[in-house]
Amino acid sequence: ADEVLDRDTIVPDDSAEPTEKERLMARQLVESLAVEKFDIDEFHDTYREELLDLIERKAAGEKIVSQPTSEPPAKVLDLVAALEASLAKAKDGKTSDGAAGSSDDGAAAEEAKPKRRRRAAAS
């Protein structure tokens, strides 16, 4: 009951009226979840109960140790290894073309040198 909010805190502006489609969808949702008899005592906020218990134990001076989860740890990718593998694969692709690939790289490097010189002279 302490978690139920007043309508005015959720929908402060009464000017926004739901469309007929939204009302129909809301009715269908409520009807699909409806039961003959709702007993609030069947439901417990176990998270809140456990949290309050934990707080009380901690306040009493008990040392709290977290419990390991039952889920296996997620697989963590080694990004550096993936990048190195990708670079190695790309390098193997260039060298498989033969000497033409290396001469192109040399020509590109020579072509870039004069541009650098021009930039240096211009600045």
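This passage describes the fold, helices, surface and salt bridges of a predicted model.

The protein chain contains 5 helices and 0 strands. From the N terminus on, its elements follow the order α-α-α-α-α. The chain has 123 residues, and buried residues make up 1% of them. About 12100 Å² of the protein chain is exposed. Carbon and sulfur atoms supply 58% of that area.

Confidence was examined next. The average pLDDT of the protein chain is 76. A score of at least 70 is reached by 72% of the residues. Over residues 96-105, the pLDDT is below 50. Beyond near neighbours in sequence, this stretch has 1 contact in the model.

Two helices were examined for length. Helix H2 covers residues 20-33, which is 14 residues. The distance from its first C-alpha to its last is 20 Å. At 1.5 Å a residue, 20 Å is expected, and the helix is close to that value. The number of buried residues in H2 is 0 of 14, so the helix lies largely in the open.

Helix H3 covers residues 46-59 and also has its span given. With 14 residues at 1.5 Å a residue, H3 should span 20 Å. Its end C-alpha atoms are 20 Å apart, so the model agrees with the expected span. Just after H3 comes glycine 61, which takes a positive phi of about 100°.

The surface carries a nonpolar patch. Tyr47, Leu51, Leu52, Leu54 and Ile55 form this patch. Together these residues have about 470 Å² of accessible area. Tyrosine 47 is found in helix H3. Its relative accessible area is 61%; because exposed means over 50%, tyrosine 47 counts as exposed.

Charged side chains were then considered. Side chains of opposite charge can pair when their charged atoms come close. In the whole structure, a search finds 5 salt bridges.

One of the salt bridges joins arginine 23 to glutamate 17, at 3.2 Å from N to O. Arginine 23 is partly exposed, with a relative accessible area of 34%. Glutamate 17 is exposed, at 54% relative accessibility.

A salt bridge also joins glutamate 20 and arginine 27, with an N to O distance of 3.9 Å. Glutamate 20 counts as exposed, at 52% relative accessibility. That value lies over the 50% cut-off, so the residue falls in the exposed class. Arginine 27 has a relative accessible area of 42% and is partly exposed.

Salt bridges also occur around arginine 57. The side chain of arginine 57 meets that of glutamate 62 in a salt bridge of 3.2 Å, N to O. Arginine 57 is partly exposed, with a relative accessible area of 31%. Glutamate 62 is partly exposed as well, at 38% relative accessibility. Both residues belong to a network of salt bridges that links Asp53, Arg57 and Glu62.

Terms used: Residues are numbered from 1 along each chain as its sequence is written. This is a predicted model: local features need pLDDT of at least 70, side-chain atom pairs count only at pLDDT 80 or more; totals for chains, interfaces and linings use all residues. Side-chain values use heavy atoms; hydrogens and water are left out. Helices (H or I, at least four residues) and strands (E, at least two) are DSSP runs, numbered from the N terminus. The expected span of a helix is 1.5 Å times one less than its number of residues. Patches are made of residues with over 30% relative accessible area and no salt bridge: like charges are joined within 9 Å, nonpolar side chains (Val, Leu, Ile, Met, Phe, Trp, Tyr) within 5 Å. Accessible areas come from the Shrake-Rupley method with a 1.4 Å probe; for residues, only the protein chains shown count as cover. A salt bridge is a side-chain nitrogen of Lys or Arg within 4 Å of a carboxyl oxygen of Asp or Glu. Buried means under 20% relative accessible area, exposed over 50%, partly exposed in between (1.4 Å probe, protein chains only). pLDDT is the predictor's confidence in each residue, from 0 to 100. Contact means heavy atoms within 4.5 Å.
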